[in-house]
Amino acid sequence: MSNNEEVFLTKEGLAKLEEELRELKEVGRKELAARLKLAISYGDLKENSEYHSAKEDQSFMETRIMILEKMLTKAQIVDESTMDLSTVSVGCIVTLNDVEYSEKIEYRVVGPAEADVLDNKISYESPLGKELLGKRVGDIISVNAPMGIIKYELLEIKML
C-alpha cells in the first residue's frame, strides 16, 4: 500500500478492521506482555525460546497494528445507498454463470483488505475483480487463470 493509496471498504469491512485493531491493542498487547514477563523470569535470554517466540509474535502483532492504522486512515467507505447498480462497482454483489460449466456463482466485490475467497468476497484488484468493474448485466467476462481462460456471463448486480 503506497502512502497516498485509498483503501476502499464497505461499512461491514470497516467495522471488522476496527474490531481487529481494538482486539490487538486491548487484548493482544496485554497477553504478549504477560508472555514476555513470564519468559524473562526464566532467565538467560540468549537461549530462552519462549522469550524469542514472544518477541517474534510481538513484532508481527505491532506490524499488523501499524498496517491496520494506516488502512483505517486511508479508508474510503463505499456508500451502498447511492450505488448505481447498472454497472459493477466496489461493494456490489454479482451473480455469474461459468459459460463452460453452466454453474452459477455469487461474489461480493470488495477492497483488498476485505477479500476472502472462502466467503465469496473478491478484491477489485484480483484478475476477476478487475474484469468485472464497470461491466453490465449480460456482459461476458474473460479471466486468464492458470488453467486457461475462464468465461463468465454477468447475470445480476445487486446489493446486500
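The following paragraphs describe the overall form of the chain, its sheet, and several individual residues in a predicted model.

Because the model is predicted, local features are reported only at pLDDT of at least 70 and side-chain atom pairs only at pLDDT 80 or more, whereas totals for chains, interfaces and linings use all residues. Residues are numbered from 1 along each chain as its sequence is written, and side-chain values use heavy atoms, with hydrogens and water left out.

The chain contains three helices and seven strands, these elements being DSSP runs numbered from the N terminus (helices, H or I, of at least four residues; strands, E, of at least two). Read from the N terminus, the order of the elements is β-α-α-β-β-β-β-α-β-β. The radius of gyration of the chain, taken over C-alpha atoms, is 21 Å, well over the 15 Å that the globule rule (2.2 Å times the number of residues to the power 0.38) gives for 160 residues, so the chain is more spread out than a compact globule. The C-alpha trace spans about 65 × 35 × 25 Å along its principal axes. Of the 160 residues, 34% count as buried, where buried means under 20% relative accessible area, exposed over 50%, and partly exposed in between, with a 1.4 Å probe and protein chains only. The chain exposes about 10,000 Å², of which carbon and sulfur atoms supply 53%; accessible areas come from the Shrake-Rupley method with a 1.4 Å probe, and for residues only the protein chains shown count as cover. Among the contacts (heavy atoms within 4.5 Å) with a separation of 6 or more, residues 24 or more positions apart account for 52%.

Five strands form an open sheet with mixed pairing, in the order β5-β4-β3-β7-β6, two strands being counted as paired if DSSP finds at least two bridges between them. Strands β5 (121–123) and β6 (140–145) stand at the edges, each with a single partner strand, so one side of each is left without a neighbour in the sheet. The twist averages 45 degrees from one strand to the next, the axes being lines fitted to C-alpha atoms (for helices over the stretch in contact) and the angles running from 0 to 180 degrees between N-to-C directions. Strands of a sheet pair through backbone hydrogen bonds, either parallel or antiparallel.

Towards the β5 edge, strand β4 (residues 103–110) and β5 run parallel and are joined by three bridges; within this pairing, V109 stands opposite I122 in β5, and R108 stands opposite K121 in β5. On the β3 side, β3 and β4 run antiparallel and are joined by six bridges, with I93 opposite R108 in β4. Strands β3 and β4 form a hairpin with four residues between them. Within the loop between β3 (93–98) and β4 lies S102, whose phi is near 50 degrees, a positive value in a residue other than glycine. With a relative accessible area of 58%, S102 is exposed. In the loop between β4 and β5, N120 likewise has a positive phi, of about 55 degrees, although N120 is not a glycine; its relative accessible area of 31% makes N120 partly exposed. Most residues other than glycine have a negative phi.

At the opposite edge, β6 and strand β7 (residues 148–158) run antiparallel and are joined by six bridges, forming a hairpin with two residues between them; S142 has K151 in β7 as its bridge partner. Along β6 the side chains alternate, with I141, V143 and A145 pointing to one face and buried, while I140, S142 and N144 point to the other and are not buried. V143 also relates this strand to helix α3, in that its C-alpha atom is separated by 6.5 Å from that of P127, 16 residues apart along the chain. P127 belongs to helix α3 (residues 127–132) and is exposed, with a relative accessible area of 52%.

Outside the sheet, N48 is placed in the loop between α1 (11–41) and α2 (49–73) and, at 4% relative accessibility, counts as buried. Residues up to four places away in sequence not being counted, N48 touches A39, Y42 and G43. A polar atom of the N48 side chain lies 3.3 Å from the backbone oxygen of G43.

How values were computed: Polar contact = N/O pair within 3.5 Å; in protein donor to acceptor, adjacent residues only side chain to side chain.
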